[in-house]
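Biologist: I am new to reading structures, and I would love a close look at a single part. Could you pick one helix and walk me through how it sits in the whole?

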Amino acid sequence: MAMNVSSACFSVLSYKKPNRIRALASEESAGAVTLKTDKEDKVKLGGSELKVTRLGIGAWSWGDTSYWNNFQWDDQKMKAAKAAFNASMDRGVTFFDTAEVYGSPLALGAITSETLLGRFVKERERNNPGEEVAVATKFAALPWRFGRQSVLCALKDSLNRLGLSSVDLYQLHWPGIWGNEGYIDGLGDAVEQGLVKAVGVSNYKEGRLRDAYEKLKKRGIPLASNQVNYSLIYRAPEQNGVKAACDELGITLIAYCPIAQGALTGKYTPGNPPSGPRGRIYTPEFLTKLQPLLNRIKEIGGNYGKTQTQVALNWLIAQENVVPIPGAKNAEQVEEFAGALGWMLSNEEVEELRSLASKISPVIGFPVENL
């Protein structure tokens, strides 16, 4: 059903005919473990009825030219992103996370991630009718946005770019400078109007998280998730009470940057640090201190026939109530990410890696985490 969108809404691209995709998920394991597709292998997001794979794919880099892709976007990168989407679907990883600001002109991007994801979904549906995909996107709490209607307006713009009549998960990308109660009201309205299946927040600290949970609870709507920066070497959610609050309240923690923007893959060394903005975070000095941990991750991975990337992702999955969403630029990365499923580190290995990581000074987080 077509959406009528007010011109006052924040809009980046033109209207697209919605393509209704019912979204669920299936999950598969990797390596020598048998493919699994039964319902027990899916996880519910918080207290909602939405089920997703234990691992998702982040689409931050798709269309972006301000942080990723060496500040340029071309047909080759678009084809690689499409291949990443299709490889993920083929491997049974069917949960995708995007946001209205990813790739948008507001973020100096080339094309919005939502637009690309919507195209990929539509083409996939044309070739594979009935295949299910779970789509999550996010509302940007921009200073000029006020009240619950701003959330609904932005959501309808996102739906237009995605070409969908509803999304599975709609999240507040970060806390607003003001107007947060109105934003939470808007999430509730979106659920009641059938525009979303579940709602969540992102970059919310414990106090704000509890407030959002209680406000939605009064309307009988569960707060499904809190998407935060969380990895083996960035464990702020464990230290600031967010992880404990999520576990207590039954809110799923969605972990972005779960492999620390590539630092935990073993790809980067003191002599070969990442390029662009990431190079200011993961400096040669930091990467030198990281080597003992990476060496141990590699040793543990060898025992399972797994890579460092797969161990780092599995460390999060083993926490329970955590769904990591690594960003994928190409099919090869997706293939590796999928290998984090279907097996589990032991409790002793989880704690050993946490202990080793605690000896490393944490990297700098994102400014939105401090709002």
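Modeller: Let's start from the outside: the protein chain exposes about 15200 Å², and carbon and sulfur atoms supply 51% of that area. Keep in mind that this is a predicted model. Of the 371 residues in the protein chain, 57% are buried. The chain holds 12 helices and 10 strands. Among its contacts with a separation of 6 or more, 78% are between residues 24 or more positions apart.

Now for the single part, helix α5. This helix covers residues 206-217, which makes 12 residues. From its first C-alpha to its last, α5 reaches 16 Å, close to the 16 Å expected at 1.5 Å a residue. Its buried residues are L209, A212, Y213 and L216. Seen down the axis of α5, these buried residues fall within an arc of 100 degrees, so they line one face of the helix. A general rule helps here: an α-helix has 3.6 residues a turn, so residues three or four places apart point the same way.

What does that face meet? The buried residues of α5 pack against two helices, α4 (180-192) and α7 (242-249), and also against the strands β7 (196-202) and β8 (223-229).

For contrast, take a look at the surface. F146, I177 and W178 form a nonpolar patch there, with about 370 Å² of accessible area together. F146 lies in the loop between β5 (134-139) and α3 (147-162). With a relative accessible area of 55%, F146 is exposed, whereas L209 of α5 is buried.

Technical notes. Residues numbered from 1 in each chain as written. Predicted model: local features only at pLDDT ≥ 70, side-chain atom pairs only at ≥ 80, totals over all residues. Heavy atoms only, no water. Helix = DSSP H or I, 4+ residues; strand = E, 2+ residues; numbered from the N terminus. Expected span 1.5 Å × (residues − 1). Buried < 20%, exposed > 50% of the residue type's maximum accessible area, 1.4 Å probe, protein only. Arc of directions from axis to C-beta. Contact = heavy atoms within 4.5 Å. Patch = residues over 30% accessible without salt bridge, like charges linked within 9 Å, V, L, I, M, F, W, Y side chains within 5 Å. Areas by Shrake-Rupley, 256 points an atom, 1.4 Å probe, with all protein chains shown as cover. Salt bridge = Lys/Arg side-chain N within 4 Å of Asp/Glu carboxyl O.
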